[in-house]
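Subject: Structure handover

Hello,

Here is the structure for your files. My notes on it follow below.

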Amino acid sequence: MAGYDSNPFADPVDVNPFQDPAVTQITSSSHGNIEEFNPFSENSRLTTNQKTVPIQPVLPSQPAVLQPSIEPSPQAVAAAAQASLLQQQEELDRKATEIERKEKETRNVNINLRQNNWPPLPPKCPIKPCFYQDFSVDIPADYQRICKMLYYLWMFHTVTLLLNFLACLAYFISASEVGGVDFGLSILWFVLFTPCAFMCWYRPIYKAFRSDSSFNFFLFFMIFFCQIIIYIIQAVGIPHWGDSGWIIALTMIKTNTAVSVIMMIVAIFFTVCAVLSLFLLKKVHSLYRRTGANFQRAQEEFSQGVFSNRTVQNAAAGAATAAARGAFQEN
């Protein structure tokens, strides 16, 4: 009954939880450390038992400073451009010199390799060959046959003119009173027509096949057509024209049969020349149409050749200078 007699409102000292020995021991032992810890001191540590790394102070970053843009002056820009142009000019001059040197070397090699070989003269002859001719090197394989045939035609043409000279000589011996004119003209035709035929229609067709030149094709057609007309006239044999043709050969049958036979042989040669020329002209024209050449290309090649010719340029410059000088004197 003693428990019930106690006062419930009395101070419960004996049941105070803070008076528990375990609590009082902990609070009394950690009090000293709590007193020593100062979180605002410079040497404070974040933990009590382990060694910690002090916090490094963060340095304030410097503000970014914009550098002012420096624009080059016009003089500096001009100087840099001029230096660049001078460098490019030096490079171009160096390349031009190198190209010119290579061209000279190539030209010297070509001169050594392509020495003139026509006409084929002996080495001891004082007269040297004037032209270079090699069908296998200069002429394409498709045109070599027709080009050689034209060359053989020129050789046959030369032999015919020589025989014509001999026939006219025989005619002059047998009939000196009427054969002098024909004999003299036969010498002229042989001396004149032999080199002219080579230069005027054989070399142009050789160059045309070699370089596919429209201008040389047209030159060959015009001159070779005239050559065919001359062959026909020579085969006819008009008296006092210097040709041993059919007319003059037939008139000599009653006078001198041997001379008449010789002149008939020459007339046959002239006739063969005319027939072969017509045949070769047709062949060349068919090949010409396959190459795609035309009159416009021939005009362009002719104009380029004329304007690039040094002689024509010098003549034009001289004429222009003379005209300017005359106009200045008049004023």
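**Overall picture**

Of the 331 residues in the protein chain, 24% are buried. Buried means under 20% relative accessible area, exposed means over 50%, and partly exposed lies in between (1.4 Å probe, protein chains only).

Two notes on the basis. This is a predicted model, where local features need pLDDT of at least 70, side-chain atom pairs count only at pLDDT 80 or more, and totals for chains, interfaces and linings use all residues. Residues are numbered from 1 along each chain as its sequence is written, and side-chain values use heavy atoms, with hydrogens and water left out.

The protein chain has 11 helices and zero strands. Helices (H or I, at least four residues) and strands (E, at least two) are DSSP runs, numbered from the N terminus. The accessible surface of the protein chain is about 24,100 Å² (Shrake-Rupley method, 1.4 Å probe; for residues, only the protein chains shown count as cover). Carbon and sulfur atoms hold 64% of that surface. Take the contacts (heavy atoms within 4.5 Å) with a separation of 6 or more: 61% join residues 24 or more positions apart.

**Aromatic pairs**

The structure holds 25 aromatic pairs. Rings of Phe, Tyr and Trp (its six-membered ring) pair if their centres lie within 6.5 Å; planes under 30 degrees apart count as stacked, over 60 as edge-to-face and the rest as tilted.

W118 and F131 form one pair, with ring centres 6.3 Å apart and planes at 50 degrees, so this pair is tilted. Both W118 and F131 sit in the loop between helix 3 (74-113) and helix 4 (135-138), 13 residues apart. W118 has 13% relative accessibility and counts as buried.

The F217 and Y288 pair is also tilted, because the ring planes stand at 55 degrees; the centres are 5.3 Å apart. F217 is in helix 7 (residues 214-236) and Y288 is in helix 9 (residues 257-291), so the pair ties together parts 71 residues apart in sequence. F217 and Y288 are both buried.

There is also an aromatic cluster: W118, F131, F135, Y151, Y152, W154, F198, Y202 and Y206.

**Helix 7 and the loop after it**

Helix 7 has 23 residues, which should span 33 Å at 1.5 Å a residue (the expected span is 1.5 Å times one less than the number of residues). The end C-alpha atoms of helix 7 are 34 Å apart, which agrees. Its buried residues include F217, F220, F221, F224, Q227, I228, Y231 and Q234. An α-helix has 3.6 residues a turn, so residues three or four places apart point the same way.

Just after helix 7, G237 has a positive phi of about 80 degrees. S244 follows in the loop between helix 7 and helix 8 (246-251). S244 is buried, at 0% relative accessibility. Leaving out residues up to four places away in sequence, S244 touches N164, A167, C168, Q234, M263, V266, A267 and F270.

**Surface patch**

W246, L250, I253, I268, V272 and L276 form a nonpolar patch on the surface, with about 490 Å² of accessible area together. Patches are made of residues with over 30% relative accessible area and no salt bridge: like charges are joined within 9 Å, nonpolar side chains (Val, Leu, Ile, Met, Phe, Trp, Tyr) within 5 Å. A salt bridge is a side-chain nitrogen of Lys or Arg within 4 Å of a carboxyl oxygen of Asp or Glu.

Helix 8 and helix 9 each supply at least two residues of the patch. Helix 9 gives the most, with three. I268 is in helix 9 and is partly exposed, at 43% relative accessible area.

Best regards
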